[in-house]
Each structure stands twice: as structure tokens, then as C-alpha cells.
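Thanks, everyone; I would like to take a few minutes to go through one structure with you, starting from a single residue and working outwards. Please have a look at it first.

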Amino acid sequence: MAVVFQKPKSLTDAVLHYCPGCTHGIVHRLVAEAIDELGIEGRTIGVAPVGCSVMAYDYFGCDMIEAAHGRAPAVATGVKRSMPDNVVFTYQGDGDLASIGLCETVSTACRGENITIIFINNAIYGMTGGQMAPTSLIGQVTQTSPYGRDAATQGMPIRVCELLSTLEAPVYLERVAVNSVPHVRQAKKAVLKAFKNQVEGKGFSLIEVLSTCPTNWGLTPEKACQFVEEKMIPFYPLGVFKDRA
Amino acid sequence: MAEKVLMKGNEAIAEAAIRCGCRHYFGYPITPQTEIAAYMSKRMPKIGGTFLQAESEIAAINMVYGAASTGRRTMTSSSSPGISLKAEGLSYLAGADLPALIVNIQRGGPGLGGIQPSQSDYFFMTRGPGHGDFHIIVLAPATVQEMADMTRLAFELGEKYRMPAMLLADGTMGQMMEPVVLPEESVDPESIPATKPWATTGTGMKRAHNIVNSLYLKPDELEKTNIERFERYAQLEKEECRWEEYLMDDAEICVVSVGITARVSKNAIVAARKEGIKVGMIRPITLYPFPKAPLAKAAEKVKSFLTVELNMGQMNEDVKLAINCSKKVSMCNRVGGMIPSSDEVLEAIRKEAK
């Protein structure tokens with residue numbers, strides 16, 4: 001029988017622990033496909049965050065490092081400076097990258113480290129059970145914004161691509177989504193380009209992926225995809241924010 | 001032949017680290033250790049190494065974590081308030097069993113404190129320099145020569161026992177200039193990662209992936225890693241305790257002191273001996289593991305102990321524990337950046353002799 005579809009080679013056989021309808025699985029696949037297509041698995045080193053994707057180190061077949069919460073870009077910097085010919089990526093959620101690790105994120109981007117960051121924005125803290133994230137939308141009900149996020153007391157959501165686009169050094173910043181097939185196709189292109197930039201020595205690339213969290217949003221997987229389309233994309237517009245590649 | 005040069009303690013650490021094969025330094029400016037960063041910023045670019053001024057102490061120690069994961073000899077340095085920020089990273093380094101060198105040139109605290117010398121991070125460094133059950137190797141140099149020598153020792157012990165190692169010195173040690181014979185350049189930095197099969201250097205598609213990690217969600221597994229780590233610590237304590245004894249053969253009073261206060265104490269001991277007071281000194285060189293055995297042995301014959309410290313009485317407790325409170329343990333201390341004069345220490349010794 002002919003094989004018409006298979007798991008990327010750079011994903012391990014470990015069973016993903018993600019909830020039904022969560023889009024982490026799609027993004028893991030896109031990262032693995034990029035690694036496979038560029039033929040770089042043997043020289044890639046990934047850095048996992050603290051958050052739902054904390055166990056990404058079990059899922060990617062390349063060498064992996066588990067970082068402290070928010071520190072993945074600093075850890076990746078240490079790796080890249082030690083092994084400049086290797087490919088180094090971080091995979092981080094919104095709490096990790098845009099809240100506790102914002103300083104590391106901005107500084108690493110500002111230095112233009114030749115690394116690739118995959119940033120999952122699902123507007124919530126998933127692993128700890130659905131608390132308000134720096135990217136939670138105004139009015140969004142979470143465990144720690146039970147009356148809906150209020151701009152007056154809880155501030156406005158942070159737009160990471162827009163923020164980083166003010167810096168000189170980053171080479172490539174794009175926001176994509178994985179809530180529909182066309183969006184997944186565009187996300188795949190963006191992720192591949194972010195890795196290719198690094199392989200070609202071009203510099204810092206970050207791909208923000210609007211992702212879903214049906215469990216903590218209290219929505220079905222289908223409704224969660226609609227939420228991305230109707231609520232998230234209007235506030236977090238998709239597109240390229242910087243491309244010096 | 002290694003050359004003898006006149007150097008600041010901080011610079012001696014930096015040059016010694018380079019000669020021991022360290023090519024990756026990550027740091028953040030803070031007095032009184034900044035000479036280390038300044039020295040590295042001059043030297044590293046010329047030898048193909050990395051000097052990176054990080055955005056914070058937290059970032060610096062995490063960059064060290066990354067470089068250590070790839071098996072490189074790597075280091076960071078700071079002073080007390082900065083070490084508080086590095087505590088998270090120290091815990092992760094220990095949890096992932098990564099060797100790295102951390103230098104703490106202590107200043108007075110708590111809080112912003114001052115910039116003058118102190119030994120007040122003693123508890124912090126020897127008891128638990130971060131969350132969780134772990135230790136780091138803590139070495140306490142008392143000369144610029146020892147700062148250079150212990151830089152090598154810290155790298156070697158850290159790698160042997162797979163744990164972070166610290167040079168813990170008071171600000172005086174970092175700032176003072178003394179003649180020092182620097183170590184020979186004998187380590188090829190490129191050869192080091194190959195000795196670490198656990199390092200994340202890329203699989204090369206030739207082996208299963210390596211994972212550097214401190215997360216164990218199954219409690220029985222986490223318990224096992226903790227117990228295994230403490231077995232290594234026990235081995236470390238058995239094999240690697242270091243100390244210096246000075247005029248202890250006939251001593252009735254045993255001074256216990258490290259760093260600059262050990263040097264001041266030596267002068268006071270010489271003066272006290274002239275007065276006929278039988279006093280000697282045990283100078284712990286490893287603070288973790290603490291040299292309990294020589295102190296316990298000394299307790300069998302001396303009348304009392306006198307710790308001389310730049311804190312409110314921290315090593316004093318370790319001496320009491322080492323001798324099981326079998327003898328009186330007095331203290332001569334100054335804090336906040338003040339250093340006792342040899343006359344002050346002599347007076348404390350005279351009191352003990354009464």
C-alpha cells in the first residue's frame with residue numbers, strides 16, 4: 001500500500017499531551033516539516049518553554065533544552081553563540097514570551113541573534129488552567145479576569161510583532177494563524193522561511209502563530225477556530241511586519 | 001614556563017578562565033566585579049570567544065545555561081544583588097546537572113546595600129542558592145593566586161560532579177592587586193564538549209536526541225534525581241574538602257576565617273603568638289562542602305574557636321555544627337563594608353585567651 005501521508009521525520013513517536021482541538025499539534029508539525037525540508041535535524045537544537053508546550057523536548061527529534069519560564073531566548077543565545085553553525089529555535093507561548101520573558105524577547109530581537117522563534121499566541125495561560133495572558137483580549141473572561149479583561153485595571157493586550165517591528169535588527173516578523181486550511185498553508189510558508197533565514201545566516205526571525213485553546217476558552221474546537229477569526233485576527237492582524245530577508 | 005604578573009583579583013579570574021578553555025562569558029555590570037566583564041570584553045573577541053553583555057543578570061545566567069548545555073566551559077560573574085537574580089538560573093543549572101562557573105564578588109547587603117566588601121552571602125551560597133534541594137560547589141580564595149588557581153578547580157570540579165561551581169570572594173579579593181602565576185594554556189576549548197556525551201550539540205543523525213532538562217512530572221522519578229544528586233554531593237564532601245591550617249599544632253584557640261579576614265587574622269595571630277598566646281587558624285577553602293573533619297579534630301584539643309567574618313555570624317553556625325557545639329565558638333565581625341583591623345582581631349584573640 002502506498003503511503004500518502006506521514007508524520008514528519010523530525011517528530012518523535014511520543015504521544016502529544018495536548019487537549020483535543022488545541023493547535024499546538026499543527027504548529028509542531030509545521031516546525032518539524034520545515035526542519036525536514038531543510039534537512040537540518042541533525043544540527044538543530046530546540047529550546048522548550050514553560051507552558052503547555054513545556055514537553056516539546058519529548059516531541060522533537062533534535063537535541064532539546066528545557067528553559068526556565070521566559071528565558072528561552074537567552075538560553076538560545078547561549079547555544080547559538082557556542083555553536084554558530086547549528087540551527088537554534090525556541091518554541092514559546094504568550095505568557096512565556098510576552099510577559100515573564102518580554103525582556104529576553106526584546107533584547108534577543110534587538111541583538112539580532114541568528115535564531116528562530118516560534119511564538120504561540122492563544123491569549124491565555126493554558127497549562128496553569130486558563131489565567132489572563134498579556135495577549136488576552138479586552139473583555140476576555142479568564143480565571144484571573146473573571147469579569148472580563150478591563151483595560152483600566154488590567155491593561156491592554158500586547159501586540160508582539162508590532163512591538164518588535166520598531167527594532168532595527170530583526171530580519172523577519174510575521175503573524176499567522178492556524179484556524180483554517182488557507183491560514184495553515186500560509187503559516188507553513190512563514191515557519192519555513194523563518195528557519196531558512198537562519199540557515200542562510202540572515203538573522204532574527206519570529207513567527208507569531210494565533211492559536212486556539214478550546215479547553216480554557218470554554219469553546220468547542222470549531223468555535224475556537226471561529227474565535228480566532230472573529231475576535232483575535234481583528235486585534236492581531238495577520239501579515240508580515242518586517243522582512244529584510 | 002608560566003609568567004608571574006601583577007594583577008587585580010578580578011582580572012586574574014578572567015585570564016585564568018580563558019586559559020582553562022572558557023570561551024563564553026555572559027555578564028552584566030555591577031560593582032565590585034565589573035573588571036571581569038571589562039577584561040573579557042577585551043580578550044574574547046581576539047581569541048574567537050564570546051563576550052556578551054546581557055540585558056540582565058537573569059539573561060546572563062540563562063545564556064550560561066545554554067552554553068553549558070552544549071558542553072562548553074562557560075561562566076558569568078556578578079556581585080551580591082546580581083546573584084539574587086541569578087538564583088533562578090542556579091537552580092535550573094543544578095536541576096539539569098550542568099557545570100558552569102559563577103563568580104560572586106560580594107558586597108554589603110541586604111537590598112542595594114553598599115559596594116564595599118562583605119561575606120554576607122555565605123548562607124545564601126552554601127545553604128540554598130535557589131529553590132529546591134541542591135548545592136553548588138563554593139570555593140573561597142584568599143589571594144589573587146588562589147583566585148586564578150580556583151578558577152581552574154571550579155571548572156574541573158563542576159565538570160567532574162556535574163554541578164555549578166562558584167568562586168565566592170569578598171570585594172577586597174576582587175579589587176586587590178598581587179603577583180600571580182597564571183595557569184598554562186593547556187586546555188583546547190574545542191576538545192571539551194566531546195567529553196560530555198549528554199551535551200546538546202546536535203544529533204548529527206547518529207544518536208538519539210539529548211535533552212537538557214530539570215522537569216520530572218512523575219514524583220518517584222524526581223525523588224530519584226534528588227537522591228542521586230545528593231549521593232554525588234556526599235562523594236564531593238568525601239573527596240574534595242579543602243582547607244589550610246596555620247600554626248595549629250599547639251593551638252589552644254582556633255581562628256576560623258576566609259578571604260580578606262583570614263589575611264587580617266594571620267597578622268593578628270602572629271602578634272598574639274608574640275604575646276605567648278597559642279592561637280592558630282583553620283581557613284576553609286571549600287565552603288561547600290564545608291571542611292567539617294579538620295574542625296572536629298581541632299575541637300578535641302583547642303579550648304575555643306573564634307570566627308572572623310564580614311557578616312552577622314554565618315560561618316559561625318557551620319563551625320558550631322562541625323564541632324557539634326562541643327566548644328565555645330566566639331565571633332569577631334564587622335559588616336556593611338567595614339573590615340576588622342588586625343588590632344581588633346588581636347583584641348578578640350586576647351579575650352579568648354583570658
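If we leave aside residues up to four places away in sequence, Ile118(A) touches Val27(A), Val31(A), Phe89(A), Tyr91(A), Val191(A), Ile207(A) and Val209(A). I should say at once that this is a predicted model, so please take each contact I mention as computed from that prediction. Ile118(A) belongs to the largest nonpolar core, which has 179 residues, and it is listed there with Val209(A), Ile137(B) and Leu139(B) as having the most contacts inside that core. On the side of chain B, this core draws at least three residues from each of domain 1, residues 4–195, and domain 2, residues 243–353. As general background, nonpolar side chains in soluble globular proteins tend to be buried together.

Let me turn to how the two chains meet. Here 33 residues of chain B are in contact with 29 residues of chain A. The elements of chain B that give two or more residues to this side are strands E2 (24–27), E3 (50–53) and E9 (211–212), together with helices H3 (57–69) and H4 (80–95). Which of them gives the largest share? That is H3(B), with nine residues.

Finally, a helix pair within chain B. The axes of H9(B), residues 259–274, and H12(B), residues 342–353, come within 8 Å and cross at roughly 55°, which makes H9(B) oblique to H12(B). Their crossing is right-handed, and the residues that meet include Val264(B), Ala268(B) and Ala271(B) from H9(B), and Val345(B), Leu346(B) and Ile349(B) from H12(B).

Conventions. Residues numbered from 1 in each chain as written. Chains lettered and ligands numbered in written order. Predicted model: local features only at pLDDT ≥ 70, side-chain atom pairs only at ≥ 80, totals over all residues. Core = buried A, V, L, I, M, F, W, Y, C linked by C-beta atoms within 7 Å. Buried ≥ 20, exposed ≤ 12 C-beta atoms within 10 Å, placed from the backbone. Domains from an automatic or database assignment. Contact = placed C-beta atoms within 7 Å. Axes fitted to C-alpha atoms, helices over the stretch in contact; angles between N-to-C directions. Helix = DSSP H or I, 4+ residues; strand = E, 2+ residues; numbered from the N terminus. Parallel < 35°, antiparallel > 145°, perpendicular 65-115°, else oblique. Left-handed = near helix turned anticlockwise from the far one by under 90°.
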